[in-house]
Amino acid sequence: MEKQTVAVLGPGSWGTALAQVLNDNGHEVRIWGNIAEQITEINEHHTNKRYFKDIILDEKITAYYDLKETLDGVDAILFVVPTKVTRLVAKQVAQVLDHPVKVMHASKGLEPDTHKRLSMILEEELSPNLRSEVIVVSGPSHAEETIVRDITLITAASKDLEAAKYVQELFSNHYFRLYTNTDVIGVETAGALKNIIAVGAGALHGLGYGDNAKAAIITRGLAEITRLGVKLGASPLTYSGLSGVGDLIVTGTSVHSRNWRAGDALGRGEKLEDIEANMGMVIEGISTTKAAYELAQELGVYMPITQAIYHVIYESLNIKDAIYDIMNNEFKAENEWS
């Protein structure tokens with residue numbers, strides 16, 4: 001692939017790690033953010049210590065504060081901003097973008113209130129004349145491991161297979177490999193909803209439960225994620241892939257996962273507002289729980305784990321009571337879909 005110029009919108013942990021992957025592949029990388037001190041740090045010290053204390057970034061990675069300047073002449077834009085501001089940033093991009101680009105996103109969540117997937121937001125806010133079909137970059141990936149070039153396999157999903165192949169070639173190298181997929185609904189719902197199950201898995205750990213419980217919540221969590229996704233039009237096969245069970249395993253079992261850590265703290269009795277203040281990063285699983293709970297109610301999809309976590313987070317139900325309720329639900333067949 002010829003050298004591409006890529007704007008990475010969002011200098012968080014994942015945006016920074018993906019910027020390094022692109023730079024390793026010889027592309028020109030521009031990171032955009034709205035915190036002036038962070039932009040200055042990246043440009044002058046080649047660090048992003050809020051997320052990676054010991055990592056030195058290549059000096060060719062340039063950070064920008066002005067969005068119009070960032071997007072000038074770029075071939076592709078990668079959105080890696082929190083779900084709740086994706087629409088706002090997309091509106092800002094629409095105001096200054098003056099040429100067609102490939103549009104990608106690597107965030108995981110559902111928009112509060114509308115319950116829309118992130119590709120839907122980007123499709124609504126960016127004119128079809130200025131963008132490709134949206135490509136979703138998703139899968140089992142901790143930024144802390146990608147930034148040190150640990151082996152990572154993820155998915156590039158788009159309704160346009162050629163657009164997905166472009167992203168596959170853009171990112172893939174000896175440590176970072178992408179597989180293409182055309183099931184955007186499946187890949188996006190899997191990436192969003194697994195954060196809810198990770199909060200639950202962390203809570204079980206914080207309460208002192210062992211591996212049996214961990215396996216149970218991941219497996220049954222995958223079942224209810226798949227139920228909702230299929231109801232929305234996804235292929236059930238997607239959930240057995242990297243962006244489904246793969247991402248659920250990595251997020252639901254690791255201390256690197258902020259969603260798992262949040263759940264662990266809840267299980268140990270900490271208050272949610274204290275957890276969010278101490279984390280210093282967005283915990284997507286918290287807001288996604290509300291969106292998924294409301295969506296499941298609207299569509300009539302059975303999601304007992306999501307429902308239990310919603311009651312704990314938003315209605316102050318005691319976690320042990322929530323677990324008791326799940327264990328005493330009506331009996332079901334394992335492959336029952338309603």
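Which residues lie nearest the centre of the largest pocket? Before I answer, please keep in mind that this is a predicted model, in which local features need pLDDT of at least 70 and side-chain atom pairs count only at pLDDT 80 or more, while totals for chains, interfaces and linings use all residues. Residues are numbered from 1 along each chain as its sequence is written, and side-chain values use heavy atoms, with hydrogens and water left out.

The residues nearest that centre are Gly12, Val80, Pro82, Arg258 and Val282, out of 39 that line the largest pocket. A pocket here is an open set of points on a 1 Å grid over the protein atoms alone, where a 1.4 Å probe fits, with protein on both sides within 12 Å along at least five of seven lines, and a lining residue has an atom within 4 Å of a point. The volume is about 1,000 Å³, taken as the space filled by probe spheres set on points joined across faces, edges and corners.

Domain 1 (3–181) and domain 2 (191–326) both contribute to this lining, so the largest pocket lies between them; the bounds come from an automatic or database domain assignment. Among the helices (DSSP runs of H or I, at least four residues, numbered from the N terminus), α4 gives the most to the lining, with four residues.

The second largest pocket has a volume of about 780 Å³. Of its 31 lining residues, Arg220, Ile305, Ile323, Ile326 and Met327 are the closest to its centre, and α9 supplies the largest share of the lining, seven residues.

Conventions
Helices (H or I, at least four residues) and strands (E, at least two) are DSSP runs, numbered from the N terminus.
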